[in-house]
Amino acid sequence: MRFTPATVALAVLLATVSSVGISQRPDAQIDPLSLEWLKKGEAAQQAGDLSGATDAMETALAIDPRNRGAYLGLGKVARAQGLQGKAIRYYREALLLDPTDVHALAGQGQAMVEKGAIAKARENLAQVKNLCKDGCAAATQLAATIDKGVPPTVLTAKDVVPTPTVVPTKQP
């Protein structure tokens, strides 16, 4: 029996290709346990338990990192907590899984407006409008948020703490 280098290479290639196909799930199939934890997180968010919602959704991602819904949910929770930078990052992770996700683009745009990045939010709005040819609720809501904008912080006299004046004391 003769084994030539080409025969050995072909045998290794066939063994590798066949084993890869058996072990992987399709991208569209999310682990059911991950979806269950996502539902628990959404329920906790509805109940106002943002910490519990974050924990449940992070558990969903630990089970299956391809769960785009968990990234969207974490983005909503982060926005509710006032953590717009974190929300933008979660929406970006969802967009890495599906660049055409209108809800992730709109959520990221709203977080950008809340953070003060109006120009970048307008870019997201353009992408959402491009994806929704007939106009969708996400595009309308993001446009309204951008139009409303974030009002600049104005300090009033009540907000400013007066600087104490130092009166020199007389020495005897």
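Start by selecting helix α4 (residues 68-80), because α4 gives the lining of the largest pocket its largest share, 5 residues. Helices here are DSSP runs of H or I, at least four residues, numbered from the N terminus.

Before you go on, a word on what is loaded: this is a predicted model, in which local features need pLDDT of at least 70, side-chain atom pairs count only at pLDDT 80 or more, and totals for chains, interfaces and linings use all residues. Residues are numbered from 1 along each chain as its sequence is written, and side-chain values use heavy atoms, with hydrogens and water left out.

**Stop 1: the pocket**

Now select L72, K76, Y91, H103 and G107, which are the closest to the centre of the largest pocket among its 15 lining residues. The space there is about 270 Å³. A pocket is an open set of points on a 1 Å grid where a 1.4 Å probe fits, with protein on both sides within 12 Å along at least five of seven lines; lining residues have an atom within 4 Å of a point. The volume is the space filled by probe spheres set on the points. Colour α2 (32-46), α4, α6 (102-115) and α8 next: these elements each give two or more residues to the lining. By class, the lining has 4 nonpolar, 8 polar and 3 charged residues. Asp, Glu, Lys and Arg count as charged, Ala, Val, Leu, Ile, Met, Phe, Trp, Tyr, Cys and Pro as nonpolar, and the others, Gly among them, as polar.

**Stop 2: α3 against α4**

Keep α4 and add α3 (residues 50-63): their axes come within 9 Å and cross at roughly 155°. That makes the two helices roughly antiparallel, a term for angles over 145 degrees. On the α3 side, show L50, A53, T54, M57, E58, A60 and L61; on α4, show A70, Y71, G73, L74, V77 and A80. Contact means heavy atoms within 4.5 Å. This contact holds 10 nonpolar, 2 polar and 1 charged residues.

**Stop 3: α2 against α3**

Swap α4 for α2, whose axis lies 7 Å from that of α3 at an angle of about 170°. Residues to show in α2 include W37 and L38, and among those they meet in α3 are A53 and M57.

**Stop 4: α7 against α8**

Finish with α7 (residues 118-131) and α8 (residues 137-148), packed at about 160° with axes 10 Å apart. Among the residues in contact are L125 and V128 of α7 and L142 and I146 of α8.

Methods
Axes are lines fitted to C-alpha atoms, for helices over the stretch in contact, and angles run from 0 to 180 degrees between N-to-C directions. Angles under 35 degrees count as roughly parallel, over 145 as roughly antiparallel, 65 to 115 as roughly perpendicular and the rest as oblique.
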